[in-house]
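Thanks for coming. I will go through one structure today, and I will keep to the sheet, the packing on it and the aromatic residues.

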Amino acid sequence: MRNIFIALSLLVSSSVVAQNQIPLVFSKENTADKHVVNIPEKSFAELPRLETLPDPFLFADGSRGSQYKDWEKHRAEIIHYLQKYEIGEKPVVSKDQVWAQIKNDTLKINVSVGDEILCMRAKIDYPEGDGPFPAVIGIGFGGTGSLPKEIFENRNIARISYNFSQVTSHTQRRGQEPINKIYPDKTYIGSYSAWPWGVSRILDALEILGEKSRIDMKHIAITGCSFAGKMALFSAALDERIALCIAQEPGGGGVDSWRVSETLGNVETIARTNYSWFIEDMRQFSETNVAKLPIDHHQLAALVAPRALLVLGNTDYEWLADESGYVSCHAAHKVWEQFGIADRMGFSIVGGHMHCQLPKEQYPEVEAFVDRFLLGKSANTNVQKAEMFKNVDYKKWMPWSE
């Protein structure tokens with residue numbers, strides 16, 4: 001009996017060590033960029049149909065790797081598919097192209113490409129003291145997206161406002177946006193490539209400023225709601241310097257699976273989304289052709305792994321297709337679960353509140369993720385709340401998980 005106890009203790013101990021060895025955040029925008037992705041080009045007609053959700057652990061060559069050491073290469077392939085079929089290439093920037101200054105709590109950023117310059121400004125609301133402070137990048141002008149300011153203010157967390165229109169407007173006019181000035185050859189890209197590019201430049205600027213920024217680069221979150229919830233998710237998926245993503249009511253094009261959404265009612269599908277946000281070629285995967293799309297959005301969510309992700313849903317709005325989000329969250333969660341870090345990803349899907357207005361019922365989930373992943377406190381982040389969908393058979397969509 002004593003031997004069994006010792007064996008179990010060693011097993012638990014080794015599991016804890018393994019979890020502690022998996023980083024909570026990275027110091028590089030994309031650690032997967034070292035992998036050269038050589039995936040044979042296929043015409044639309046040659047793409048195979050897959051009616052269920054793609055296996056996130058399956059490599060393009062047909063082999064499978066589900067250990068954490070394999071994930072970096074998986075990320076490289078998923079990003080390749082995401083950029084090729086959905087959003088276009090996120091431009092790569094070197095630090096010597098970025099000028100940064102902090103003045104009167106305003107972060108000033110200039111990005112130079114050739115003779116052209118894109119200028120960005122981001123207001124930072126600092127807590128009292130010298131810092132460095134954990135921070136949240138809130139999409140919009142409030143510094144916390146659509147989440148209540150007091151959640152962050154009461155915890156001495158700096159609040160950085162991201163004015164996305166400095167990169168491209170809500171409904172971009174291709175070729176006429178600020179980002180087109182420095183990348184005139186990339187007018188085809190979707191806003192969900194351009195907007196995350198802008199978030200990454202904020203992070204570049206903070207790194208360049210170092211101690212002058214008074215921001216703790218190891219504890220940065222991003223959040224937004226609705227189309228900005230998608231923006232937060234894409235930003236965190238494509239920049240590993242973000243420790244925590246809180247995607248609030250992101251709907252179709254966010255966490256939702258394109259495949260599952262196609263089986264539901266009046267929801268945001270590939271045919272119904274805003275095509276200024278994506279590349280025009282994505283239309284070819286509309287309706288029944290969705291099964292030919294090489295990826296789906298459980299893999300977009302999984303790109304955040306092994307970092308932290310909290311998805312917030314709202315069942316009162318059919319357009320958000322939260323049943324699809326529920327299925328996709330379960331599929332994405334398998335990645336964190338496989339690595340023994342299941343409590344770094346959670347979801348809370350409840351109704352009874354207005355769009356983009358966090359109800360008191362969801363405060364505990366948000367506070368737990370903020371406390372643990374921005375402040376390093378002990379908190380219960382094992383969150384899978386979606387009572388309305390408890391009878392939905394999500395497993396049928398993911399035969400690879402058995």
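Which strands does helix 5 lie across? This is a predicted model, so please hear everything that follows with that in mind. Helix 5, residues 191–209, lies across strand 1, strand 2, strand 3, strand 4, strand 5 and strand 6. Against strand 2, residues 106–113, the helix runs at about 110°. Helix 9, residues 322–338, also packs on the sheet, where it touches strand 8, strand 9 and strand 10. The direction of helix 9 makes about 165° with that of strand 9, residues 345–349.

Now the sheet itself. It is open, with 10 strands in the order 1-2-3-5-4-6-7-8-9-10, and the pairing is mixed. At the edges are strand 1, residues 98–103, and strand 10, residues 384–385, each of which pairs on one side only. Lysine 103 belongs to the edge strand 1, and with a relative accessible area of 46% this lysine is partly exposed.

I will take the antiparallel pairs next. Strand 2 and strand 3 run antiparallel and are joined by 8 bridges. One bridge partner pair there is lysine 108 with arginine 121 in strand 3. The two strands make a hairpin with 2 residues between them, and in the turn glycine 114 has a positive phi of about 65°. On to the next neighbour in the order: strand 3 and strand 5 are also antiparallel, with 2 bridges. Aspartate 125 has arginine 159 in strand 5 as its bridge partner.

Then the parallel pairs. Strand 4, residues 133–139, and strand 6, residues 215–225, run parallel and are joined by 5 bridges. Phenylalanine 133 stands opposite isoleucine 215 of strand 6. Strand 6 also pairs with strand 7 in the parallel sense, over 5 bridges, and alanine 221 has leucine 244 in strand 7 as its bridge partner.

How many residues of strand 7 are buried? The count is 5 of the 5, residues 244–248, so strand 7 is largely enclosed by the rest of the structure. In a regular strand, side chains alternate between the two faces of the sheet. In strand 7, Leu244, Ile246 and Gln248 point one way, Cys245 and Ala247 point the other way, and all are buried.

That brings me to the nonpolar cores. Nonpolar side chains in soluble globular proteins tend to be buried together. The largest core here has 101 residues, and Tyr162, Trp197 and Ile202 touch the most other members. Helix 5 gives the most to this core, with 10 residues. Leaving aside residues up to four places away in sequence, tyrosine 162 touches a list of residues including Met120, Ile137, Val167, Trp195, Ile202 and Met231. Another core lies apart from the largest one and has 19 residues, among them Ala221, Leu310, Val370 and Phe373.

Last, the aromatic residues. The model has 23 aromatic pairs. A pair of rings is described by the distance of the centres and the angle of the planes. Phenylalanine 164 and tryptophan 195 have ring centres 5.4 Å apart and planes at 75°, so this pair is edge-to-face. It links distant parts of the chain, 31 residues apart: phenylalanine 164 is in the loop between strand 5 and helix 4, and tryptophan 195 is in helix 5. Are these two buried or exposed? Phenylalanine 164 counts as buried at 15% relative accessibility, and tryptophan 195 counts as buried at 0%.

Tryptophan 195 has a second partner. The ring centres of tyrosine 192 and tryptophan 195 are 5.3 Å apart and the planes are at 70°, so that pair is edge-to-face too. Both residues lie in helix 5, 3 residues apart, which is about one turn of the helix. Tyrosine 192 is buried, with a relative accessible area of 0%. Ring pairs link these residues into a cluster: Phe164, Tyr192, Trp195, Phe227, Phe234, Trp258, Trp277 and Phe278.

Two arginines also lie over rings. Arginine 214 is over the face of tyrosine 126, at 4.0 Å from the ring centre. Arginine 283 is over the face of tyrosine 275, at 3.9 Å from the ring centre.

One distance to finish. Lysine 103 and tryptophan 277 are 174 residues apart along the chain, and their C-alpha atoms are separated by 32 Å.

Key. Residues are numbered from 1 along each chain as its sequence is written. This is a predicted model: local features need pLDDT of at least 70, side-chain atom pairs count only at pLDDT 80 or more; totals for chains, interfaces and linings use all residues. Side-chain values use heavy atoms; hydrogens and water are left out. Two strands pair if DSSP finds at least two bridges between them. Helices (H or I, at least four residues) and strands (E, at least two) are DSSP runs, numbered from the N terminus. Contact means heavy atoms within 4.5 Å. Axes are lines fitted to C-alpha atoms, for helices over the stretch in contact, and angles run from 0 to 180 degrees between N-to-C directions. Rings of Phe, Tyr and Trp (its six-membered ring) pair if their centres lie within 6.5 Å; planes under 30 degrees apart count as stacked, over 60 as edge-to-face and the rest as tilted. Buried means under 20% relative accessible area, exposed over 50%, partly exposed in between (1.4 Å probe, protein chains only). A charge sits over a ring if NZ of Lys or CZ of Arg is within 6 Å of the ring centre and within 35 degrees of the ring normal. A nonpolar core is a set of buried Ala, Val, Leu, Ile, Met, Phe, Trp, Tyr and Cys residues joined through side-chain atoms within 4.5 Å.
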